[in-house]
Amino acid sequence: ENISQNDKAEIYFKRAASLAPFHLEILNKYANILAKNGSPAGAKNIYEKIISENPRYESAWSNLGFIELQLNGNTNVAEKCYDTALKLNHTYEPAVLNKAGLMIYQKRFTEAMIFLQSYLKQNPESKKAREILKQLKQLH
């Protein structure tokens, strides 16, 4: 039987999530795999469950924002999710990158550059943020 690594991971995390339904890290990983495997609605439900269990789970907030954008094109909800993740942890890089990506998607280029520069002052080792900023500067 020819099963992809992502499909194997989905089976594994689905089983793990059923055995440990309140283990939020397992649920988060399961939702990430669902999103990767083309089931964003299922991922969204799990991120919402995680947030209802622990409203301070920044990873679930950031991931929910990404899924909202992917599923519904809802930029306002996506940005609110990213902002919530960043209020919980202002150095949480996935939320920083997602928010910068959203600003770029909305053609808010100057705002994205300022946002990334501010992040890089606190986190100069961030290769991803530095690369996005470099690309932005080349475009503008």
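The following exchange goes through a predicted model of one chain.

Colleague: What is the mean pLDDT of the chain, and which element has the lowest mean pLDDT?
Modeller: In this predicted model 85% of the residues reach a pLDDT of 70 or more, and the mean for the chain is 88. Among the elements, helix H5 (residues 75-88) has the highest mean, 98. The lowest mean, 61, belongs to helix H1 (residues 5-19).

Colleague: How many helices and how many strands does the chain have?
Modeller: Read along the sequence, the pattern is α-α-α-α-α-α-α-α. The secondary structure therefore comes to zero strands, and the number of helices is eight.

Colleague: What share of the residues counts as buried?
Modeller: The chain has 140 residues and exposes about 8400 Å². Carbon and sulfur atoms supply 53% of that exposed area. With buried taken as under 20% relative accessible area, the share of buried residues is 41%.

Colleague: What part of the contacts with a separation of 6 or more comes from residues 24 or more positions apart?
Modeller: Asn-28 and Ser-59 give an example of such a separation, being 31 residues apart along the chain, and Asn-28 is in contact with Ser-59. For the chain, residues 24 or more positions apart account for 41% of the contacts with a separation of 6 or more.

Colleague: Which residues have the most contacts inside the largest nonpolar core?
Modeller: The largest nonpolar core has 34 residues. Helix H2 (24-36), helix H3 (40-53), helix H4 (58-72), H5, helix H6 (93-105), H7 and H8 each give two or more residues to this core. The residues with the most contacts inside the core are Ala-43, Ile-46, Tyr-47, Ile-50 and Leu-116.

Colleague: Which residues does Ala-35 touch, leaving out those up to four places away in sequence?
Modeller: Ala-35 lies in helix H2, and its C-alpha is 9.4 Å from that of Asn-63, 28 residues away in sequence. Beyond its sequence neighbours, Ala-43 is in contact with Ala-31, Leu-34, Ala-35 and Ile-67. Two residues are touched by Ala-35 under that condition: Ala-43 and Ile-67.

Colleague: Is Asn-28 buried or exposed?
Modeller: Asn-28 is placed in helix H2. Leaving aside neighbours within four places, Asn-28 is in contact with Tyr-47, Ile-50, Tyr-57, Ser-59, Ala-60 and Asn-63. The C-alpha atoms of Asn-28 and Ser-59 are separated by 7.9 Å. Because its relative accessible area is 2%, Asn-28 counts as buried.

Colleague: Where does Asn-123 lie, and what is its relative accessible area?
Modeller: Asn-123 is in the loop between helix H7 (109-122) and helix H8 (127-139). Thr-91 is 32 residues from Asn-123 in sequence, with 7.7 Å from C-alpha to C-alpha. Asn-123 is buried, and its relative accessible area is 9%.

Colleague: What is phi of Lys-107 near, and is Lys-107 buried or exposed?
Modeller: Most residues other than glycine have a negative phi. Lys-107, in the loop between H6 and H7, has a positive phi near 60°. Since its relative accessibility is 63%, Lys-107 counts as exposed.

Colleague: How many aromatic pairs are there?
Modeller: Rings of Phe, Tyr and Trp pair if their centres lie within 6.5 Å. By this rule the number of aromatic pairs is zero.

Colleague: Which residue lies over the face of Phe-115?
Modeller: A charge sits over a ring if NZ of Lys or CZ of Arg is within 6 Å of the ring centre and within 35 degrees of the ring normal. At 5.4 Å from the ring centre of Phe-115, the residue over its face is Lys-99.

Key: Residues numbered from 1 in each chain as written. Predicted model: local features only at pLDDT ≥ 70, side-chain atom pairs only at ≥ 80, totals over all residues. Heavy atoms only, no water. Phe/Tyr/Trp six-rings, centres within 6.5 Å; stacked < 30°, edge-to-face > 60°. Helix = DSSP H or I, 4+ residues; strand = E, 2+ residues; numbered from the N terminus. Buried < 20%, exposed > 50% of the residue type's maximum accessible area, 1.4 Å probe, protein only. Contact = heavy atoms within 4.5 Å. Areas by Shrake-Rupley, 256 points an atom, 1.4 Å probe, with all protein chains shown as cover. pLDDT = per-residue confidence, 0-100. Core = buried A, V, L, I, M, F, W, Y, C linked by side-chain atoms within 4.5 Å.
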